[in-house]
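Me: I should like to go through the salt bridges, one enclosed strand and one long stretch of helix in this structure. Please reason through each point before naming the result.

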Amino acid sequence: MDPFHIQRSTSKSPFIASIPHGSSLLTDEMKSRLVPGVILSNNDWYVRELYDFLDNIDFTVISANYSRYVIDVNRDMSFKENKDNYRNSLIYHKTTFGEQIYDTSPDEAIIENRIETIYLPYHHCLAQEIGQVASNHRKVYLFDLHSFYIQSSADIVLGTRGGQTCSEEFLNVLVKAFREEGFKVEVDAEGLTGGYIVSHYGSLSHTEAVQIEIRYTTYIEDRIFGKEEVIDKNIDLFIAAKGRLHRAFIRIKAELESL
């Protein structure tokens with residue numbers, strides 16, 4: 001299995017979407033080490049399917065093919081291994097609910113292999129695509145796509161690291177487009193201000209980057225979510241949410257192209 005999937009824009013447009021947590025796939029090596037019955041919750045369930053319209057409106061889309069629990073490509077590589085806090089670690093040793101993941105922890109050689117075969121290829125690809133776009137356009141627009149449940153009651157949270165990763169003009173285009181589709185929008189909610197991808201690539205002078213988080217209740221099902229692996233969704237809600245997002249992104253694209 002390749003570490004990522006890429007669908008390139010046919011016209012080399014300035015729009016790139018990153019989906020780092022959209023897969024729940026584990027490697028065989030990891031499966032052999034798991035605590036029996038451990039629940040790997042809080043993935044970005046169905047996000048790849050939710051945004052599968054993006055390639056039809058000429059976005060380049062890069063998505064990770066392995067679960068964040070194998071290695072989190074939305075983390076700074078300087079935080080290689082923090083056994084107590086998954087938020088500051090490439091390799092998680094505990095679930096997002098604080099439960100032990102491994103019967104036998106991965107050793108240094110295994111961690112290095114995951115970095116070399118999964119983490120670095122994702123970032124090499126993303127950096128290469130940004131560089132190619134920057135050679136043809138004044139600006140690169142990077143959208144890092146995620147989902148959440150507990151941190152906010154908003155439908156969509158836009159993360160900009162407190163305004164550090166994009167301009168106010170770019171942010172206002174997004175807020176307006178999502179609100180016109182009836183989404184309740186919040187900016188930089190606590191815990192959803194943006195991870196490594198928007199922080200790192202948004203620091204480039206030619207790149208505007210934003211993390212877009214959509215709440216589970218807005219597109220999966222309007223219910224309480226807990227410690228679980230989500231295996232089903234409300235089809236009507238999902239289709240409606242996808243349609244609203246599609247229309248919002250068409251507006252966003254048109255507005256940004258006119259700047």
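Me: How many salt bridges does the count come to in this structure?
Reply: The model is a predicted one. A pair qualifies if a side-chain nitrogen of Lys or Arg lies within 4 Å of a carboxyl oxygen of Asp or Glu. By this rule the count comes to 15 salt bridges.

Me: With which residue does Lys-31 form a salt bridge?
Reply: The partner lies in helix α1 (residues 28-31), as does Lys-31, and the two are 3 residues apart, about one turn of the helix. Lys-31 is partly exposed at a relative accessible area of 46%, whereas its partner counts as exposed at 63%. The closest N and O atoms are 4.0 Å apart, and the partner is Asp-28.

Me: How many residues apart in sequence are the parts that the pair of Glu-49 and Lys-233 ties together?
Reply: Glu-49 and Lys-233 form a salt bridge, with 3.7 Å between the closest N and O atoms. Glu-49 belongs to helix α2 (residues 47-50), while Lys-233 belongs to the loop between α6 (216-219) and α7 (235-258), so the pair ties together parts whose separation in sequence is 184 residues.

Me: Is Lys-233 buried or exposed?
Reply: Its salt-bridge partner, Glu-49, is partly exposed, with a relative accessible area of 36%. Lys-233 has a relative accessible area of 15%. Because the cut-off for burial is under 20%, Lys-233 is buried.

Me: Which residues are linked with Lys-176 and Glu-180 in a network of salt bridges?
Reply: Lys-176 and Glu-180 meet in a salt bridge of 2.7 Å, N to O, and both lie in helix α4 (residues 168-180), 4 residues apart. Glu-180 is partly exposed at 40%, and Lys-176 counts as partly exposed at 48%. The other members of the network are Glu-181, Arg-247 and Arg-251.

Me: Why is strand β3 largely enclosed by the rest of the structure?
Reply: Thr-60, Ile-62 and Ala-64 point one way from β3, and Val-61 and Ser-63 point the other way. In a regular strand the side chains alternate between the two faces of the sheet. Residues pointing either way from β3 are buried. The strand is therefore largely enclosed, as the buried residues of β3 (residues 60-64) number 5 of 5.

Me: Which strand runs parallel to β3?
Reply: Strand β1 (residues 4-7) is joined to β3 by 4 bridges, but these two run antiparallel; Phe-4 stands opposite Ala-64 there. On the parallel pairing, Ala-17 has Val-61 of β3 as its bridge partner. That pairing also has 4 bridges, and the strand is β2 (residues 15-19).

Me: At which residue does α3 bend?
Reply: Helix α3 (residues 108-134) has 27 residues and reaches 36 Å from its first C-alpha to its last, close to the 39 Å expected. At its start, a side-chain oxygen of Asp-107 comes to within 3.2 Å of the backbone nitrogen of Ala-109. The bend of α3 is about 35°, and its place is Ile-115.

Me: How far apart in space are Gly-131 and Thr-207, C-alpha to C-alpha?
Reply: Gly-131 has its place in helix α3 and counts as partly exposed at 38% relative accessibility. In sequence, Gly-131 and Thr-207 are 76 residues apart. In space, their C-alpha separation is 9.7 Å.

Notes:
Residues are numbered from 1 along each chain as its sequence is written. This is a predicted model: local features need pLDDT of at least 70, side-chain atom pairs count only at pLDDT 80 or more; totals for chains, interfaces and linings use all residues. Side-chain values use heavy atoms; hydrogens and water are left out. Buried means under 20% relative accessible area, exposed over 50%, partly exposed in between (1.4 Å probe, protein chains only). Two strands pair if DSSP finds at least two bridges between them. The expected span of a helix is 1.5 Å times one less than its number of residues. The bend at a residue is the angle between axes fitted to the seven residues ending there and the seven starting there. A polar contact is a pair of N or O atoms within 3.5 Å; within protein, one must be able to donate a hydrogen and the other to accept it, and residues adjacent in sequence count only if both atoms are side-chain atoms.
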